[in-house]
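Work through the exercises below with the model open beside you. Each task is followed by its solution in steps.

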Amino acid sequence: MVAFTLELQHALQAIGPTLLLNSDIIRARLGASALDSIQEFRLSGWLAQQEDAHRIVLYQTDASLTPWTVRCLRQADCILIVGLGDQEPTLGQLEQMLENTAVRALKQLVLLHREEGAGPTRTVEWLNMRSWCSGTCTCAVRFACSRSPAKLHELYEKVFSRRADRHSDFSRLARVLTGNTIALVLGGGGARGCSHIGVLKALEEAGVPVDLVGGTSIGSFIGLQRRRSASRRQRPGVGQGSMTSVLEPVLDLTYPVTSMFTGSAFNRSIHRVFQDKQIEDLWLPYFNVTTDITASAMRVHKDGSLWRYVRASMTLSGYLPPLCDPKDGHLLMDGGYINNLPADIARSMGAKTVIAIDVGSQDETDLSTYGDSLSGWWLLWKRLNPWADKVKVPDMAEIQSRLAYVSCVRQLEVVKSSSYCEYLRPPIDCFKTMDFGKFDQIYDVGYQYGKAVFGGWSRGNVIEKMLTDRRSADLNESRRADVLAFPSSGFTDLAEIVSRIEPPTSYVSDGCADGEESDCLTEYEEDAGPDCSRDEGGSPEGASPSTASEMEEEKSILRHRHCLPQEPPGSTTDA
């Protein structure tokens, strides 16, 4: 736990001023009795001041249900439940307490996995045992360390001297927790989606981090292969199978009642890529979109069988049969029919910036006019005859893609004009929906386009602006204004001085009985001010004898009151 909090603090400091607090730090700064119930008011005031002074305050609970643990849960806006992903997903004592209490803070599950170990598994079991977790977003952090706490603190003294890696899992977790998530959304468009791979390669070369991935149709597939596909020039795994080969689709042909193909060959090609992996077990949060033709609604999939929902999101009408949802049996089709570029979904999931890449169909006004009917044999003759005039007519796949664009055009315009979206569209309009044989050309177009766009981002500091936390910028601006308004004043942690709890001291009143005067001013002397200076005889200047004797009596009474035993400073009474 010590290593986790230190690593997270290091990542959070890249976002804004971060303070780590645990019970040992509180006692060291405020005194050994700072966590006693009688000091509740002072501790609350000091913590409130720290939360005002820092962008993030990271509270580390004790291992058991102590007063400090209760205080942490009460102060927190978000509670992180940290577990080791390779162990059994049993509920701990503190988790059982959380389940039975009405703590309104957001709760997120963070699973730690060893960097050299296998990928995340059994995340569903962890989530099923923690139904009180807010949402189903699980952050899996690749992290492993077996050093002692003393060695860890010594190590992180060196680590804190350099900036955190923006691509690390802890930096991603820090951005998610502070509302600075950067999402990547890939649209559908058939073979034009191969340009996604080139754009993603340029995106990684530019050093743009990605915290959330989503997509529709071909975009939902390529987004999952982001790192593998962008690291080297290669076709998407499913494209090496049924999309480009001839024999396998021919064997999959069926009597076209629902579709031309049975879908089994396409299913096998996708299953070879993803196996039986669940969406919850991915390193990055992921979603895709399908069209539910049973309920006539859009479906957003954030959990469940990965290969099935990717296949459903790529189900082009007429070519493949709808996929039956294993959860409720609803029939799912290509998500491009309802939301071909779901940047708005990523925004609703908490993304501050959405990089949206559109490869859908565009308007074409140069199509041929062929009359009231159209013969496929006539079109075939026109294409085979080198002397015949060419006729430009969309094929079945293009018509499907165009229909998807028409149904999403209003939503697409809203996304393009939104302030949170960085809209990108490579120049791939000359390629058709089923041009998978032109992979190399489409890839090159996407890569060159991405290099030009992201190079401009780097020169214009667009990437740095994406990573800049708005609340931290506002905090720095307010502090700058304070310095300009009061240039000679320095910051003093007044709350810590006031809240510090000193050990109780004994008060002796014998000096008052012996006639010794107190070094402190009495209440009377404080009220009298500088005009009540004494002469050498001890009488106020210009006072009459009767007035002087009355004042002497009053002063003796006040001295007696001042020397009475007093309560220790900072003590409070229980209400």
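**Exercise 1: a helix pair**

The crossing of α3 and α4 is right-handed. Classify this crossing by its angle and list the residues that meet across it.

Solution. Step one: in this predicted model, α3 spans residues 40–53 and α4 spans residues 67–75. Step two: their axes come within 12 Å and cross at roughly 45°. Step three: an angle under 35 degrees would count as roughly parallel, and 65 to 115 as roughly perpendicular. The crossing fits neither class, so α3 is oblique to α4. Step four: on the α3 side the residues are E40, L43, S44, L47 and E51, and these meet R71, R74 and Q75 of α4.

**Exercise 2: the nonpolar cores**

Find which residues have the most contacts inside the largest nonpolar core, and which helix gives the most to this core.

Solution. Step one: the largest core holds 56 residues, and L184, L203, I355, F454 and W457 have the most contacts inside it. Step two: helix α18, residues 439–459, gives the most, with seven residues. Step three: take L203 and leave out residues up to four places away in sequence; L203 then touches L184, V208, V210, I355 and F454. Step four: another core lies apart from the largest one and has 18 residues, including L58, V110, L112 and L152.

**Exercise 3: confidence**

Decide where the coordinates call for caution.

Solution. Step one: the chain has a mean pLDDT of 79, with 75% of its residues at 70 or more. Step two: pLDDT is below 50 over residues 239–244, a stretch with 16 contacts in the model beyond near neighbours in sequence. Step three: residues 506–548 also stay under 50, with 29 contacts beyond four places in sequence. Step four: where pLDDT is low, predicted coordinates should not be read in detail.

Definitions and conventions
Residues are numbered from 1 along each chain as its sequence is written. This is a predicted model: local features need pLDDT of at least 70, side-chain atom pairs count only at pLDDT 80 or more; totals for chains, interfaces and linings use all residues. Side-chain values use heavy atoms; hydrogens and water are left out. pLDDT is the predictor's confidence in each residue, from 0 to 100. Contact means heavy atoms within 4.5 Å. A nonpolar core is a set of buried Ala, Val, Leu, Ile, Met, Phe, Trp, Tyr and Cys residues joined through side-chain atoms within 4.5 Å. Buried means under 20% relative accessible area, exposed over 50%, partly exposed in between (1.4 Å probe, protein chains only). Helices (H or I, at least four residues) and strands (E, at least two) are DSSP runs, numbered from the N terminus. Axes are lines fitted to C-alpha atoms, for helices over the stretch in contact, and angles run from 0 to 180 degrees between N-to-C directions. Angles under 35 degrees count as roughly parallel, over 145 as roughly antiparallel, 65 to 115 as roughly perpendicular and the rest as oblique. A crossing is left-handed if the near helix is turned anticlockwise from the far one by less than a right angle, and right-handed if clockwise.
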